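Reader: Please present the model that is to be discussed, so that its features may be taken up in turn.

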Amino acid sequence: MKHFLRVLTQFLVFLYCKCLWQGLKFVVRKVTGRCELQRICYNNKPGARRTLKIESSLKCSKSELLQSAVSVHPDAVEKTIDDIMVLKKIHPDTNPQLGISLQACLFQIVGYRNLVLEVEKLRREPYDCENPEHEDMLMQLWKALRPESPLTGRISKQWCEIGFQGSDPKTDFRGMGLLGLHNLLYFSEHDKATALQMLHDSLQTKLSKMSKAEWEKKKFDKAIGYSFAIVGINITDLAYSLLVSGALKTHLYNVAPEMPSLVHFQQTFCYLMQEFHRFWVEEDPCDIMEFNRVRNKFHKRVLKQLKNLDMALCPHFTASDLHLVNL
Ligand SMILES: *[C@@H]1O[C@H](CO)[C@@H](O)[C@H](O)[C@H]1NC(C)=O
């Protein structure tokens, strides 16, 4: 009985708050002459600040049209905005900017959803040795990272030089499918200098970083190094989970004013690789056994950065030419 009363009270409080909220919205609308969507656009600059609020306002709306707006096909965005304007009785002539702003937000929202689907599809596609496109990408990766030394065969111990585990990279792609290969290739071709530098550093041991005396003192012969390709595939996993959890919205809504796309995801990967490398060196782990710890700490740090609504995780090569929405 006691329990029942408690639940009942909670329910009544919930109802009361909900009515209060609806009433408040009604009053604000009457006083300002604006609906919630208008107020959000009016009070928040474009980018994550605005789009995230529009997104949650649409999702929590009572109207079916507004609720389903977040999952329309990109081709239907313009029509949906027209319908919303009619529903909200906002005349486009008296408020021409509102339709444009809402449309920009909705393109970002549905773009992010589509990007999640596209990335998921690549992750699920296994590496296939019979597929000439896959094989070709793998060869491109070798050429980008080892331009001076030709591969002696498709199956070769040389793959270990760029951080695969064995003589056939195919097995290493299992976790992330083709997504891992796409990302590694993008990084190696679009941010070549950084990728080559990272690969070079990843092959170094601590020995080269300290004098003989220091070396004697520390008395461990562990490598600073890690396996470049394996870590790349693992950081792909990190980028993927940031995307799927929605944490990357802040960043993508800030850097992709039109629509987040695969290129933006790949650039995020480049940023994460650079930063992970820097973090790894700073953390100064004894050996690769500490990977788990360092990765978790790095993950937490990135999540924290993404809580800042003005955050954009840009690799240095795009930071200058991206049309950042609001930085
Ligand atoms: C990446 O590393 C983490 C922690 O070591 C592990 O849990 C995860 O399964 C790895 N992901 C892949 C794709 O190897």
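Reader: What share of the contacts in the protein with a separation of 6 or more joins residues 24 or more positions apart?

Author: This is a predicted model, in which local features need pLDDT of at least 70, side-chain atom pairs count only at pLDDT 80 or more, and totals for chains, interfaces and linings use all residues. Residues are numbered from 1 along each chain as its sequence is written. Two residues are in contact if their C-beta atoms, placed from the backbone, lie within 7 Å. Among contacts with a separation of 6 or more, the share from residues 24 or more positions apart is 70%.

Reader: How many helices and how many strands does the secondary structure comprise?

Author: Helices (H or I, at least four residues) and strands (E, at least two) are DSSP runs, numbered from the N terminus. On that basis the protein has 15 helices and 0 strands.

Reader: How much of residues 1-23 is helix?

Author: The unreviewed UniProt entry annotates residues 1-23 as "signal peptide"; such annotations may be inferred rather than shown by experiment, and the positions follow the numbering used here, with feature names shortened. The end C-alpha atoms of this stretch are 32 Å apart, and its strand content is 0%. Its helix content is 96%.

Reader: Which helix gives the largest share of the largest nonpolar core?

Author: A nonpolar core is a set of buried Ala, Val, Leu, Ile, Met, Phe, Trp, Tyr and Cys residues joined through C-beta atoms within 7 Å. A residue is buried if 20 or more other C-beta atoms lie within 10 Å of its own, exposed if 12 or fewer, and partly exposed in between, with C-beta atoms placed from the backbone. The largest core has 70 residues, of which Leu102, Leu106, Ala239, Phe269 and Met273 touch the most other members. The largest share, 11 residues, comes from helix α6 (residues 96-124).

Reader: Which residues does Ala239 contact, leaving aside neighbours within four places in sequence?

Author: Ala239 is one of the core residues that touch the most other members. With those sequence neighbours set aside, its contacts are Phe265, Thr268, Phe269 and Leu272.

Reader: Which helices each supply at least two residues of the shell around the ligand?

Author: A residue counts as near the ligand if its C-beta atom, placed from the backbone, lies within 6 Å of it. The surrounding residues are Gly175, Met176, Ile233, Asn234, Asp237, Phe291, Asn292 and Arg295. At least two shell residues come from each of α11 (228-245) and α14 (291-307).

Reader: Is Lys89 buried or exposed?

Author: Lys89 lies in the loop between α5 (77-87) and α6. Although not a glycine, Lys89 has a positive phi of about 55°. Because Lys89 has 7 C-beta neighbours inside 10 Å, it counts as exposed.

Reader: Why does Asp284 count as exposed?

Author: Asp284 occupies the loop between α13 (262-283) and α14, and its phi is positive, near 50°. Asp284 counts as exposed because its C-beta neighbours inside 10 Å number 11.

Reader: Which residues does Leu151 touch, not counting those up to four places away in sequence?

Author: Leu151 is in the loop between α7 (132-145) and α8 (178-190). It counts as partly exposed because it has 15 C-beta neighbours inside 10 Å. Outside the excluded sequence range, Leu151 touches Trp142, Ser156 and Gln158.

Reader: What distance separates the C-alpha atoms of Asp128 and Lys170?

Author: Asp128 is placed in the loop between α6 and α7. Asp128 and Lys170 are 42 residues apart along the chain, and their C-alpha separation is 7.7 Å.
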